[in-house]
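Have your viewer open and your selection box ready. We will go from stop to stop, and at each one you get something to select and a note on what is there.

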Amino acid sequence: MLATQWLQNARKVMDNIENTQLENIQRAARAMADSIAAERWVHTFGCGHATLPIEEMYPRIGGFVGFHPMIELPLSFFTHIVGEMGVHQFVFLERVEGYGQQIMKSYTFDPRDCIWIFSHSGINNVNIDIALEAKERGMQVIAFGSAAAAKGKKTRHSCGKTIFDIADIVVDTCAPLQDASVPLRNHVDNVGPVSTIAFVSAVWMTIATVAEILVDRGVKLYIHPSHNVPGDTTARDRLTEALSMYKKRVAGV
């Protein structure tokens, strides 16, 4: 049954992250904790399905203030499939060198910030633009993606580097470069991608570690609470407090 084959593939990816990436996750979490403790930001960026881990982390029950999503609508909203903001346009735009530079002009950054970039292959121009611009501004660059599988794959950017070459800290999501992991009889292409489950697993391993570091330092976390638990009479107040803190801090971005 192919359902169990996909599940085995996903478990293997998560096991590989646990077995090989804990040290890198700890390094990434320390950099993020330093930014948040300084009341600065972990800016997050990705294109296409690599925006899903960004949407997963904040605002999200169990997430907390400190992560600032940078999601460009033309690079993420392609569920029309064809027509306006369709797949063809998205595939073109993520390869346009210089687009990322224009995105970065819309925000105010600080060297105490860091930027967390999600890229499965690490070769597309917008992500590389973002990473290069972030380094120009003195920020640490943290990249999550299929680094080992992408090794030797030629970048599309004129700088000659992939996102994994540029980043200060890399966490390998251990997903196969092809992504789709389940072969089908009489078909060239596989089904069942595993990069999203890899991204999200690595995200929550990292954010849980960030939380642990900050709590050990005595830093208060403004956590997005569940407001669906019967009997919890203060959830709405805690949500208001978290969103008020986010609003106050994001005003400078």
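## First stop: Pro176

Select Pro176: leaving aside neighbours within four places in sequence, it is in contact with Val13, His120, Ser146, Ala149 and Val194, where contact means heavy atoms within 4.5 Å. Before you go on, note that this is a predicted model, in which local features need pLDDT of at least 70 and side-chain atom pairs count only at pLDDT 80 or more, while totals for chains, interfaces and linings use all residues. Residues are numbered from 1 along each chain as its sequence is written, and side-chain values use heavy atoms, with hydrogens and water left out.

Pro176 sits in the loop between β5 and β6; helices (H or I, at least four residues) and strands (E, at least two) are DSSP runs, numbered from the N terminus. Colour by accessibility and Pro176 counts as partly exposed, at 34%. The scale here is relative accessible area: buried is under 20%, exposed is over 50%, and partly exposed is in between (1.4 Å probe, protein chains only). Now add Gln8 and draw a C-alpha to C-alpha distance: Pro176 and Gln8 are 168 residues apart in sequence and 14 Å apart in space.

## Along the same loop: Thr173 and Asp179

Next, select Thr173, which is also found in the loop between β5 and β6. Is Thr173 buried or exposed? At 1% relative accessibility, Thr173 counts as buried. Show what surrounds Thr173: not counting residues up to four places away in sequence, it touches Val13, Ile17, Phe144, Gly145, Ser146, Ala198 and Phe199.

Two distances are worth drawing here. From C-alpha to C-alpha, Thr173 and Gly145 are 5.2 Å apart, with their positions 28 residues apart in sequence. The side chain of Thr173 also reaches the backbone nitrogen of Ser146 at 3.4 Å. That is a polar contact, a pair of N or O atoms within 3.5 Å; within protein, one must be able to donate a hydrogen and the other to accept it, and residues adjacent in sequence count only if both atoms are side-chain atoms.

Move on to Asp179, found in the loop between β5 (169-172) and β6 (180-182). Check its backbone torsions: Asp179 has a positive phi of about 75° although it is not a glycine. Asp179 counts as buried, at 16% relative accessibility.

## A helix pair: α1 and α9

Select residues 2-20 for helix α1 and residues 195-216 for helix α9; the two pack at an angle of about 35°, with their axes 10 Å apart. Axes are lines fitted to C-alpha atoms, for helices over the stretch in contact, and angles run from 0 to 180 degrees between N-to-C directions. To see the contact, show Trp6, Ala10, Val13, Met14, Ile17 and Glu18 of α1 with Ile197, Ala198, Ser201, Ala202 and Met205 of α9.

## Two buried loop residues: Ser76 and Asp110

Ser76 lies in the loop between β2 (67-70) and α4 (87-93) and counts as buried, at 17% relative accessibility. Its side chain reaches the backbone oxygen of Glu72 at 3.1 Å. Ser76 touches Gly48, Thr51 and Ile71, not counting residues up to four places away in sequence. In the loop between β2 and α4 you can also pick Ile81, whose phi is near 70°, a positive value in a residue other than glycine.

Asp110 is in the loop between α5 (99-104) and β3 (114-118), and it is buried, with a relative accessible area of 17%. A polar atom of the Asp110 side chain lies 2.7 Å from the backbone nitrogen of Arg112. With residues up to four places away in sequence set aside, Asp110 touches Arg40 and Met139.

## Last selections

Select Tyr58 and Pro59: the peptide bond from Tyr58 to Pro59 is cis, with omega near 0°. Pro59 lies in the loop between α3 (52-57) and β2.

How many disulfides does the structure hold? There are 0, counting a disulfide as a pair of cysteine sulfur atoms within 2.5 Å. For Cys159, the nearest cysteine sulfur, that of Cys47, is 15 Å away.

Finish at Glu136 in helix α6 (residues 125-136). Glu136 is exposed, with a relative accessible area of 68%. From C-alpha to C-alpha, Glu136 and Ala180 are 35 Å apart in space, and 44 residues apart in sequence.
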